[in-house]
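Please open the model in your viewer and keep the sequence panel beside it. The tour below suggests what to select at each stop and describes what is found there.

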Amino acid sequence: MDNYVIKEDVLQFAEHFELWEDLRGKTFLITGATGLIGSVMVKCLLALNNLRKLDIKIIAVVRNIEKAKKVFSDEYDYIDFRVMELNNMSVNTINTHVDYIIHLASPTASKFFVEHPVETLRTAIEGTTTVLEYARASIVLSMVYASSLEVYGTNDTNNWLDEQFQGYLNPTEVRSSYNMGKRAAECLCHSYAKEYAVPVKIARMTQTFGAGIEYNDNRVFAQFVRKAIENEDIELHTSGETRRMYCYTTDAVSAMLYLLLRGVNGEAYNIANKDSYISIRDMADLVREHFNKDISVVVSLKEGQGYAPQTMLRLDTSKVEKLGWKPRHSLEIMFERLIAYMNDIKCNA
């Protein structure tokens, strides 16, 4: 069963999401539905259904039905699951009218990017092409593609970066399979919008976290929380100077739905909490200071782990905010919710 933090999160989303009437009677197709953002997206839409009686239908494209049963143990009977690889998705295989598409399917682990760069790149380009072709053939009302702040590459200033900024990326570095793949997929989305009038919008997601992650997730925010819970020192494998912004899961879901309903076709939008800009080192100190002062922050440099290059990514979010969206969770509350969630998982394991 879902833990109490997830239930609170999705209920609060349903109570506060203002554009709910525009979703009445609509059918969603969601790829990557068992991932963190995808699973929270599905749960939020179902919570809206329950609260507002909207008759929303959800088709979830997944690769592993057993994982889907685990992730959606409370919601399984209310979702239309389609077990398939992205490249097998077509009008004939879906065979149901779809109004909206949220395309989230993508690898997310740095280690995977380094060990499987070909698969990472092909998923971004070929998978997104398949979904865009489906959107074109189905004449959907709207689509959102989940991109990443990593398309910006490296930047050495603390300046605000709007959607026109392009930092440095080296296409001959193996980890660039993810960044370059996202850039190529964004170009595909823009091209399909201009040439074929596919109504796709691009969500440039900052690092997003919250209730719903795996307890053993290896991203830094999860590592820091896990160390605080287990009363162990936080160990940094880089100098921790990279600075970026963050977003809570339900805030990210809300932003993507705003793009879906109000965004401009073919355009990209930064999705982040503008008040969350922080370095990795300062984040480690924040977790220690607020949640476990008995532990220390220790720097132990390691090479070859696939970490992103040091960079400063202070995203300008004014474009999405002009659509009416704003985040509800500060960085401290994000961690408070995540710690409550992971504590509950640990206690009930």
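## A tour by selection

Begin by selecting Lys293, which is exposed in this predicted model, with a relative accessible area of 51%. Add Glu289 to the selection, and a salt bridge between the two residues comes into view, in which the closest N and O atoms are 3.3 Å apart. Glu289 itself is partly exposed, its relative accessible area being 41%.

**Second stop: a salt bridge between helix 1 and helix 12**

This pair is one of the 19 salt bridges that a search of the whole structure finds. Select Glu8 and Arg337 together, and look for the place where their side chains meet in a salt bridge, with N and O at 3.0 Å. Glu8 belongs to helix 1 (residues 4-16) and Arg337 to helix 12, so that distant parts of the chain, 329 residues apart, are linked by this pair. Helix 12 can be shown by selecting residues 331-347.

Is each partner buried, partly exposed or exposed? Glu8 is partly exposed, with a relative accessible area of 32%, whereas Arg337 is buried, with a value of 14%. If you now display the surroundings of Arg337, leaving aside its neighbours within four places in sequence, you will find it in contact with Val5, Glu8, Asp9 and Tyr248. Of these residues, Asp9 deserves a place in the selection as well, since salt bridges that share partners join Glu8, Asp9 and Arg337 into one network.

**Third stop: a buried salt bridge**

Move next to Glu75 and Lys43, which form a salt bridge whose closest N and O atoms are 3.1 Å apart. Glu75 sits in the loop between helix 3 (65-71) and strand 3 (80-83), while Lys43 sits in helix 2 (residues 36-52), so the pair ties together parts that are 32 residues apart in sequence. Both Glu75 and Lys43 are buried, and hiding the residues in front of them may help you to see the pair.

**Fourth stop: aromatic rings**

How many aromatic pairs does a search of the whole structure find? The search finds 11, and Phe209 with Tyr246 is a pair to select here, because its ring centres are 6.1 Å apart and its planes stand at 65°, which makes it edge-to-face. Phe209 is part of strand 8 (residues 207-209) and Tyr246 is part of strand 11 (residues 246-248), so the pair ties together parts that are 37 residues apart in sequence. Both Phe209 and Tyr246 are buried. Extend the selection to Phe221 and Phe335, and you will have the cluster that ring pairs form from Phe209, Phe221, Tyr246 and Phe335.

Two other rings are worth selecting for what lies over their faces. Arg136 lies over the face of Tyr196, at 3.5 Å from the ring centre, and Lys319 lies over the face of Tyr269, at 4.6 Å from the ring centre.

**Last stop: helix 9**

Finally, select residues 249-262, which make up helix 9. At 1.5 Å a residue, its 14 residues should span 20 Å, and the C-alpha atoms at its ends are indeed 20 Å apart, which agrees. Because 12 of the 14 residues are buried, helix 9 is largely enclosed by the rest of the structure. To follow this along the helix, colour its buried residues, among them Thr249, Asp251, Met256, Tyr258 and Leu260.

Definitions and conventions. Residues numbered from 1 in each chain as written. Predicted model: local features only at pLDDT ≥ 70, side-chain atom pairs only at ≥ 80, totals over all residues. Heavy atoms only, no water. Phe/Tyr/Trp six-rings, centres within 6.5 Å; stacked < 30°, edge-to-face > 60°. Helix = DSSP H or I, 4+ residues; strand = E, 2+ residues; numbered from the N terminus. Buried < 20%, exposed > 50% of the residue type's maximum accessible area, 1.4 Å probe, protein only. Lys NZ or Arg CZ within 6 Å of the ring centre and 35° of its normal. Expected span 1.5 Å × (residues − 1). Contact = heavy atoms within 4.5 Å. Salt bridge = Lys/Arg side-chain N within 4 Å of Asp/Glu carboxyl O.
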